[in-house]
Amino acid sequence: MPRTMGLGSMSVEALLKLRDEVGKVLSHKAAQLEEELSMLGGEVATERRGCRSAMKGRKVAVKYRDKEGNTWAGRGAQPVWLREKLKAGAKLEDFAVQRAAASRKGSPRKTKKRRRKK
């Protein structure tokens, strides 16, 4: 498609039509490349956008809580309420949430000490 006029002088309708045509050509070329790659035995990454960590969005148990009910899971930046109380002299351990014994995963294993050779 020969272009004799610049994009700046084209109408909005003409630009939208051109965008659609370019999109169709690019989709066709991408399909051809994927087909060629599959013939060669390679894997095709169909959609890369939207990939995210498996942990993203998962709820995490609360590790710190104050008397007003503010909570923090211990991930990310410290919240303002905790930072202010730490600056006032409180310790992080003062806000630690005590976990129930049932929620802990097993008991700690005892390690065996190795004997020294004499």
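Is Trp72 buried or exposed, and what is its relative accessibility? Trp72 counts as buried, at 12% relative accessibility. Here buried means under 20% relative accessible area, exposed over 50%, and partly exposed in between, with a 1.4 Å probe and protein chains only.

The model is predicted: local features need pLDDT of at least 70, side-chain atom pairs count only at pLDDT 80 or more, and totals for chains, interfaces and linings use all residues. Residues are numbered from 1 along each chain as its sequence is written, and side-chain values use heavy atoms, with hydrogens and water left out.

**The nonpolar core**

Trp72 belongs to the largest nonpolar core, whose five residues are Tyr64, Trp72, Trp81, Leu82 and Phe95. Such a core is a set of buried Ala, Val, Leu, Ile, Met, Phe, Trp, Tyr and Cys residues joined through side-chain atoms within 4.5 Å. Tyr64 is buried as well, at 17% relative accessibility. Not counting residues up to four places away in sequence, Tyr64 touches Asn70, Thr71, Trp72, Gly74, Trp81, Leu92, Phe95, Ala96 and Val97; contact means heavy atoms within 4.5 Å.

**Aromatic pairs**

The whole structure holds two aromatic pairs. Tyr64 and Trp72 form a stacked pair, 5.4 Å centre to centre with 25° between the planes. Trp81 and Phe95 form an edge-to-face pair, 6.0 Å centre to centre with 80° between the planes. Trp81 lies in helix α2 (residues 80–87) and Phe95 in the segment after α2, so this pair ties together parts that are 14 residues apart in sequence. Rings of Phe, Tyr and Trp (its six-membered ring) pair if their centres lie within 6.5 Å; planes under 30 degrees apart count as stacked, over 60 as edge-to-face and the rest as tilted. Trp81 is buried, with a relative accessible area of 14%, and Phe95 is buried at 10%.

**Asp66 and its surroundings**

Asp66 is found in the loop between β1 (64–65) and β2 (71–72). Helices (H or I, at least four residues) and strands (E, at least two) are DSSP runs, numbered from the N terminus. Asp66 is buried, with a relative accessible area of 7%. Its side chain reaches the backbone nitrogen of Gly69 at 3.0 Å. Leaving aside residues up to four places away in sequence, Asp66 touches Trp81, Lys85 and Phe95.

**Salt bridges**

A search of the whole structure finds three salt bridges. A salt bridge is a side-chain nitrogen of Lys or Arg within 4 Å of a carboxyl oxygen of Asp or Glu.

| Salt bridge | Closest N to O |
|---|---|
| Asp20 and Arg19 | 3.9 Å |
| Asp66 and Lys85 | 2.9 Å |
| Glu68 and Lys85 | 2.7 Å |

Glu68 lies in the loop between β1 and β2 and Lys85 in helix α2, so their pair ties together parts that are 17 residues apart in sequence. Salt bridges that share partners join Asp66, Glu68 and Lys85 into one network. Within this network Lys85 is partly exposed, with a relative accessible area of 26%, while Glu68 is exposed at 59%. In the remaining bridge, Asp20 counts as partly exposed at 42% relative accessibility, and Arg19 is exposed, with a relative accessible area of 55%.

Conventions: A polar contact is a pair of N or O atoms within 3.5 Å; within protein, one must be able to donate a hydrogen and the other to accept it, and residues adjacent in sequence count only if both atoms are side-chain atoms.
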